[in-house]
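I opened the notebook to record what I looked up in this structure. The entries run from the whole chain to single side chains.

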Amino acid sequence: HRLIARDEGFYLLAAKLVTEGKLLYHDFFFPQMPLLPYVYGGWLSLYGMTWQSARIFAALLTALIGVLLYMRAAKLFGALYGGAAVILFCASALVFTIYTTATTYALSTLLLFLSYLVLCSDGKLRIKFPIAGALLALAVTSRLMFAAVLPAFLLFILINERPWKVSLYALSRFCVGFVIGLCLNLWFILPSPELFYFNNLGYHLLRSPASSAERIAHSGQVLRVLLGLEKGIKFESFQFPVLLYVALAAMVACPLFKRKLDAAFYICVALFAVNFLPDPVYVQYFSVLVPFLIVCVLHLFYGMTSAPWRSLNVFGFITVPLLMLGYARNINQDIINYTVTGKGVIGIQRPKNALDWNLERVKEISSLIEKHAPPGAAVLSFWPGYLLETSAPPYPGSENNFGVAIAAQLGPSEKEAFHVISNTDISELILSKKPELIIVHKRMTPETVRQTLASSPYQLLESVDAVQIYARQPLPLPKGIKGIPNNDG
C-alpha cells in the first residue's frame, strides 16, 4: 500500500511489453539494464498483470534478502545476532520504503547479496567462484552501477586466498563466471550496440541540466545527510549514519579483534563511492548498502565479546539498546508518510499530491482508460504506469516518461532510433490528431502541451483531480458534403 514511486510506472510497463514480445531498447526506450523487466514480466505473467502482484513480488524479494541476511549473521555470530540483523534490516526506512517498490533495488541487492554469500561460503573453489561471479554479473545486468563492485570482489579474493597460486586460480574462475553471466546482455547488444549504449549510459550523460558547481553542491548535500550532518527530508537521517559510523568503527577494530575484514566491508566501500557517480545523486541510491552495513556492524559487537575485549560488554549493553530505540523511533511516522500523507516522499511531498499517487487512484484511471480507449488504439499517457492494467498499447515514444527530458537534445533520426519524443513532438501529434486517447497529469505535463491540447479538437472525457483523459474528435466535414458511413462508424 506504499504510495506510488514514479519509476515504477515505466518499469512495470516495460515488464508488460516484453511479455507481449517487445524487445528492450529496440522497440522502446528503457534507461536501465535489461534484467528487471524480464524477471517481473515472468512473475506478472504467472500471477496477474496487476500492481498488487508486482508489489507482492517486490516484498518477497525483500523478505528473501532478510532471510539471507539472518543466515549470514547467524553463521558468523550466532542466532541472536541473526535476529538483531533482521530487526535492523526491517526497521530501516531505506529498506521498507524503497525495496518494496517495483524498482531495481530489491532485485539487484538480492543478487549482489547472493554473490557475496557464495563468495564467502565453504564451497569448493572450482564451483563457488564462478557461481559468485555469475551472480555478480546478474546484479550488474539489473543495476549497472554494481559493476564498480567487481574490483572489491577481486581485491577480497586476492587478499584472502592463499597461497598465490590458489588466489590466481580463484580470480580466474570468478572472472570466467562473471563474463559468462554478462553474456545475457549480448541478446540486446549484438543487434545494435549503439542502442544498448544510449539506453544504459548515453541517456544518463544527457539527463541533468545542472552545472558542475550545482552538481558538486547537490552531492555535498547528500553526503551531509548520509553522515548525519544535515537533517534528511525524505528519510530518517539517524539510521544510515548510525550504521555507517559503527561499520567504520568495525573496520578499524577488526584487526584489533584479530579478525579478517569480511567481504561486506569491501562491498560497502565500493557501493558508497559509486553511488555518487550518477547525476543527480539521490539518498535512496545508498539503500543498497544497508544489508552489508548491518553485517559490518555486527562484526564490531561480536568482536567485543572476545578476549581481551570482554570488558567492553558493559559498554555494549548500555549503548546497543539506546541505539536501537533511536534507530526505530520514527517508523510509525515513516509508514504514515509513505502510505497516506506523502510528506517528504519523492515526487509527492504533500497530502494533496498523495491523492493522485496511491494504488486505488492509479487503478481507477486504468479502468477509465479501458472504458474509453477503442480496441487496439494507442494511448499517449504522460505517465506509463496508467497502462499496466489495461489492454491499450502505449503510443510509440511514450512508453517511458523520462525520454522526453532529453529528446530535445537529439536530432530527428536519433529520436526515431532511440524511441523518444519531445514536448514539441507531442504538441505536433496533438495538432495532427494522431493519438486516440491522451492521458494528462497537470503536474507532469508542460504548460505548453496543455495549452495546445486545450485549443485542439480533443474532447475532455474524464477529470479525476490532477488527471485528465482526452479523446480524439472526428474532423468536421466541409459544408455541402454528407458523411458516408464506413466500418469505423
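The entries below cover the overall shape, the aromatic pairs and one surface patch.

**Entry 1: the model.** I am working from a predicted model, not an experimental one.

**Entry 2: overall fold.** I looked up the secondary structure and found 23 helices and 4 strands in the protein chain. I then took the extent of the C-alpha trace, which spans about 100 × 50 × 45 Å along its principal axes. Does the radius of gyration of the protein chain agree or disagree with that of a compact globule? For 489 residues the globule value would be near 23 Å, and the chain has 25 Å, so I noted agreement.

**Entry 3: burial and contacts.** I looked up burial next: 52% of the 489 residues are buried. For contacts with a separation of 6 or more, I noted that 68% join residues 24 or more positions apart. The exposed area of the protein chain is about 22200 Å², and carbon and sulfur atoms supply 66% of that area.

**Entry 4: aromatic pairs.** I searched the whole structure for aromatic pairs and found 31. I looked at Phe29 and Phe198: their ring centres are 6.0 Å apart and their planes stand at 50 degrees. I logged the pair as tilted because that angle falls between the cut-offs of 30 degrees for stacked and 60 for edge-to-face. Where do the two residues lie? Phe29 is in the loop between helix H1 (7-19) and helix H2 (35-47), while Phe198 belongs to helix H11 (residues 193-206). The pair therefore ties together parts that are 169 residues apart in sequence. I checked accessibility as well, and both Phe29 and Phe198 are buried.

I then took Phe272 and Phe276, an edge-to-face pair with 5.5 Å from centre to centre and 70 degrees between the planes. Phe276 has a relative accessible area of 22%, so I entered this residue as partly exposed; the cut-off for buried is under 20%.

I also noted a cluster in which ring pairs link Phe10, Tyr11, Phe30 and Phe402.

**Entry 5: surface patch.** Which residues make the nonpolar surface patch of about 350 Å²? I listed Leu64, Val67, Tyr70 and Met71. I placed Tyr70 in helix H3 (residues 51-77). Its relative accessibility is 33%, which means that Tyr70 counts as partly exposed. That value also passes the patch criterion, which asks for over 30%.

How values were computed:
Residues are numbered from 1 along each chain as its sequence is written. This is a predicted model: local features need pLDDT of at least 70, side-chain atom pairs count only at pLDDT 80 or more; totals for chains, interfaces and linings use all residues. Side-chain values use heavy atoms; hydrogens and water are left out. Patches are made of residues with over 30% relative accessible area and no salt bridge: like charges are joined within 9 Å, nonpolar side chains (Val, Leu, Ile, Met, Phe, Trp, Tyr) within 5 Å. Accessible areas come from the Shrake-Rupley method with a 1.4 Å probe; for residues, only the protein chains shown count as cover. A salt bridge is a side-chain nitrogen of Lys or Arg within 4 Å of a carboxyl oxygen of Asp or Glu. Buried means under 20% relative accessible area, exposed over 50%, partly exposed in between (1.4 Å probe, protein chains only). The radius of gyration is taken over C-alpha atoms; the globule rule is 2.2 Å times the number of residues to the power 0.38. Contact means heavy atoms within 4.5 Å. Rings of Phe, Tyr and Trp (its six-membered ring) pair if their centres lie within 6.5 Å; planes under 30 degrees apart count as stacked, over 60 as edge-to-face and the rest as tilted.
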